[in-house]
Amino acid sequence: MPIVEVNNLHKSYGGRAVVDGVSFEIHEGEIFGILGPNGAGKTTSVEHISGLRKPDEGTVRVAGLDPVRDHRAVTELLGTQLQQSELQPKLTVREALRLYAAFYARPADGDVLAERLGLGRMLDTRFTKLSGGQKQRLFIALALIGSPRVVVLDELTTGLDPRGRRDTWELIEEVRDSGVTVLLVTHFMEEAQRLCDRVAIFDSGRIRALGTPAQLIGQSSAAIVVSFHPSGPLDPALLEAQPGVVSVHTARERVAVEGSEESIHAVLGLLARLGVTAERLRIAEATLDDAYLDLTDTRSTS
Ligand SMILES: Nc1ncnc2c1ncn2[C@@H]1O[C@H](COP(=O)(O)OP(=O)(O)OP(=O)(O)O)[C@@H](O)[C@H]1O
């Protein structure tokens, strides 16, 4: 049974559809990613799962419960990452964990959680004295303090340096491995590709694509980029005419051909027939970033 079910969700503000018929399911034990440009309706959808918004139409269920009607019960099941501004600067890590533990019927042991998240030696440190990465660890700890079955992490690694981001990814994987389902809202494609079991790409209030990162990359029209220095003159129009080729770019004598897997064989076959050698040949697979740009209208609506 899915732990989260969103079915035909609609939400409008001032007559404008912000969430326009969104449906998806999150399976227990997975890391589910939500991606999309600013204003795509990601946070609004997630706030419906947390019971902070009431759908205009459609249904949302968390472990079979209605987040609005059964708000108290859903709060016990769902941990939400807090925004930085919601913490008192003078609170210590221990005080913050105790304070938030008091909201739940079956809280985790704050000291054990702090230890697990690498904050064991920071228990008496005030919030303002923590580094960006330590603050993020504390937010994850606070999201987990109620022993939730699902944890919602919204733009968790924004503002972190590459090292801090990678450390946080490992933490999120540990959280998933401990049996907690993770809903991750992110703008970072690399993060989604590395972490998420499945991803939904939102755009203008709708889901444009949903699947594993590999499936979404496979759906992208330009799944492969073949680039090389041709040993002799080469007409780009001949390359463009090959089956599976999406685009051809030439920069400083290097030719880059984007296309489907089929295009590799077609391009290499053409070069062989023309007697042109592909020097310094590189074949790169598309990333989730390429798939995202392909699948979304990247204009911001907010
Ligand atoms: N309470 C509200 N009243 C009016 N408009 C709202 C309200 N909440 C959200 N919106 C609008 O709904 C749209 C979607 O917002 P939402 O925060 O869900 O987008 P998002 O995909 O999370 O964007 P971002 O990546 O910028 O966080 C935005 O245009 C926003 O201005």
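Which residue in β6 is the bridge partner of glycine 79? Hold that thought for a moment, everyone, and good morning. A quick reminder before we start: what we have here is a predicted model.

So, the answer: glycine 79 bridges to valine 151 in β6. That contact belongs to the pairing of β5 with β6, residues 150–154, where the two strands run parallel and are joined by three bridges.

Now let's step back to the sheet around them. Six strands make up an open sheet, ordered β5-β6-β7-β3-β8-β9, and the pairing is mixed. At the edges you'll find β5 (78–80) and β9 (206–211), each of which pairs on one side only. On average, neighbouring strands here are turned by 20° against each other, direction ignored.

Please look next at helix α11, residues 288–295. Its buried residues are Leu288, Asp290, Ala291, Tyr292 and Asp294. They pack against two strands of the sheet we just walked through, β3 (31–35) and β8 (198–203), and also against the helices α7 (189–195) and α8 (213–219).

On to the other sheet I'd like to show you. This one is open too, with three strands in the order β2-β1-β4 and antiparallel pairing. Because β2 (16–26) and β4 (57–62) each have a single partner strand, one side of each is left without a neighbour in the sheet. The twist from one strand to the next averages 25°.

Zooming in, β1 (residues 4–13) pairs with β2 over eight bridges, and glutamate 5 has glutamate 25 of β2 as its bridge partner. Finally, helix α1, residues 42–49, lies across β1, β2 and β4, and runs at about 120° to β1.

Thanks, all!

Terms used:
Residues are numbered from 1 along each chain as its sequence is written. This is a predicted model: local features need pLDDT of at least 70, side-chain atom pairs count only at pLDDT 80 or more; totals for chains, interfaces and linings use all residues. Two strands pair if DSSP finds at least two bridges between them. Helices (H or I, at least four residues) and strands (E, at least two) are DSSP runs, numbered from the N terminus. Axes are lines fitted to C-alpha atoms, for helices over the stretch in contact, and angles run from 0 to 180 degrees between N-to-C directions. Two residues are in contact if their C-beta atoms, placed from the backbone, lie within 7 Å. A residue is buried if 20 or more other C-beta atoms lie within 10 Å of its own, exposed if 12 or fewer, and partly exposed in between; C-beta atoms are placed from the backbone.
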